[in-house]
Structures are given as structure tokens and as C-alpha cells.
Amino acid sequence: MWFGDLYRPQKDSNHGNPEYMQRISQKPMKHVVCAQLSDCDSNHHVTHTAYVKYAQDCAFHAVQQNAFRSYSGDISRYSIKTIGILYIGEILAGDFITIEAWEDELQSGKLNFIMLKTDRDVCHCYLEYYLGTKSNL
């Protein structure tokens, strides 16, 4: 089986049209965060922007640990090209989230993330960066 077939988004017959990422066989980089009240709405649900923030924080730590071969230094210096996200479950204030991250082997500049709460997928996300130039901000 090709590497791309292992984690390419697949249609899930139980959930209609949404596409889910398949986990890769090699060990992904892992990062744990605790959802803060400041990341939540008035119902204590994590807002959609916090999911992207968690992915960016994970990417930052991964680059600092040299986990991604295409990135170096501060990943916030790379401009984001595309964000893709699929919300599967909810995250509440105080929940601990494990984020699995890996660099896409088929698409240069793309990082994939699966967020889990108590070993259950709650979000699948990717961030695609421009690799050619870094921001001067």
C-alpha cells in the first residue's frame, strides 16, 4: 500500500460526505494542550479559531524539535496558504487534547493534524504553508 493511501482523506459511510484522514503508520509528532476558558464561547465550547491555534502551536513545537524536514526556525515566519478543517466532536474548557501531527509526503508545505480527546477523534485539520519565502514580520 502506498504511503498516501494510508492517510488520504476517505469518505466515511457512517457520516455522509465529510472526509476523514487516515492515520499514518509511522509515528506522528504528538503534542498535548488543555483547552482554556479563554478559548471558549459562553457555553464553554472551544471556538473554531482555537482549533487552528492548537494546530499552529503543535506545528511550532514540532519545528522546534526538528520533527518536520521542510521547516526550520520559527514556523510563524511561514505564511499560511490554505487551512482545511473537519469538526467531528466537541472540546470543552478543561479538556486535554492530544494532537498528532505529520508532514504530508505528497503535498509540499502541508502539515496534517488529528486532535483527540480521550482517544476519540474530535478534529481533523491541515495547514498548508508557502515554503519559498518567510514573512519579515
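**Exercise 1. Read the fold.** Count the helices and strands of the protein, then give their order.

*Solution.* Step 1: the count. The protein has 2 helices and 7 strands. Helices are DSSP runs of H or I with at least four residues, strands are runs of E with at least two, and both are numbered from the N terminus. Step 2: the order. From the N terminus, the elements run α-β-β-β-α-β-β-β-β.

A note on the source: this is a predicted model, in which local features need pLDDT of at least 70 and side-chain atom pairs count only at pLDDT 80 or more, while totals for chains, interfaces and linings use all residues. Residues are numbered from 1 along each chain as its sequence is written, and side-chain values use heavy atoms, with hydrogens and water left out.

**Exercise 2. Describe the whole chain.** State what share of the residues is buried, how much surface is accessible, and what share of the contacts joins residues 24 or more positions apart.

*Solution.* Step 1: burial. Of the 137 residues, 41% are buried. Buried means under 20% relative accessible area, exposed means over 50%, and partly exposed lies in between (1.4 Å probe, protein chains only). Step 2: surface. The accessible surface is about 8,000 Å², and 49% of it belongs to carbon and sulfur atoms. Such areas come from the Shrake-Rupley method with a 1.4 Å probe; for residues, only the protein chains shown count as cover. Step 3: contacts (heavy atoms within 4.5 Å). Take those with a separation of 6 or more: 59% join residues 24 or more positions apart.

**Exercise 3. Find the core.** Name the residues with the most contacts inside the largest nonpolar core, and the elements that give two or more residues to this core.

*Solution.* Step 1: the term. A nonpolar core is a set of buried Ala, Val, Leu, Ile, Met, Phe, Trp, Tyr and Cys residues joined through side-chain atoms within 4.5 Å. Step 2: the residues. The largest core has 30 residues, and Phe-113 and Met-115 have the most contacts inside it. Step 3: the elements. Two or more residues come from each of β3 (29-34), α2 (48-64), β5 (96-103), β6 (110-117) and β7 (120-134). Helix α2 gives the most, with 9 residues. Step 4: the general pattern. In soluble globular proteins, nonpolar side chains tend to be buried together.

**Exercise 4. Find a nonpolar patch.** List the residues of the nonpolar patch on the surface.

*Solution.* Step 1: the rule. Patch residues have over 30% relative accessible area and no salt bridge; like charges are joined within 9 Å, nonpolar side chains (Val, Leu, Ile, Met, Phe, Trp, Tyr) within 5 Å. Step 2: the list. Ile-80, Ile-83, Ile-85 and Tyr-87 form the patch, with about 300 Å² of accessible area together. Step 3: one member. Tyr-87 sits in strand β4 (residues 78-87). Its relative accessible area is 38%, so Tyr-87 is partly exposed.

**Exercise 5. Check the cysteines.** Explain why Cys-34 and Cys-40 form no bond.

*Solution.* Step 1: the cut-off. A disulfide is a pair of cysteine sulfur atoms within 2.5 Å. Step 2: the distance. The sulfur of Cys-34 has its closest cysteine sulfur in Cys-40, 9.5 Å away, so the gap is too far for a bond. Step 3: the total. The structure holds 0 disulfides. Step 4: burial. Cys-34 is partly exposed at 26%, while Cys-40 is buried at 14% relative accessibility.

**Exercise 6. Trace the salt bridges.** Locate the partners of the Glu-103 to Arg-69, Lys-81 to Glu-128 and Lys-117 to Asp-95 pairs.

*Solution.* Step 1: the term. A salt bridge is a side-chain nitrogen of Lys or Arg within 4 Å of a carboxyl oxygen of Asp or Glu. The structure has 6 of these bridges. Step 2: Glu-103 and Arg-69 meet at 3.4 Å, N to O. Glu-103 is in strand β5 and Arg-69 in the loop between α2 and β4, so the pair ties together parts 34 residues apart in sequence. Glu-103 is buried at 8%; Arg-69 is exposed at 60%. Arg-69, Glu-103 and Glu-105 are linked in a network of salt bridges. Step 3: Lys-81 and Glu-128 have their closest N and O atoms 3.7 Å apart. Lys-81 is in strand β4 and Glu-128 in strand β7, so this pair ties together parts 47 residues apart in sequence. Step 4: Lys-117 and Asp-95 meet at 3.2 Å, N to O. Lys-117 is in strand β6 and Asp-95 in the loop between β4 and β5, 22 residues apart. Both Lys-117 and Asp-95 are buried.
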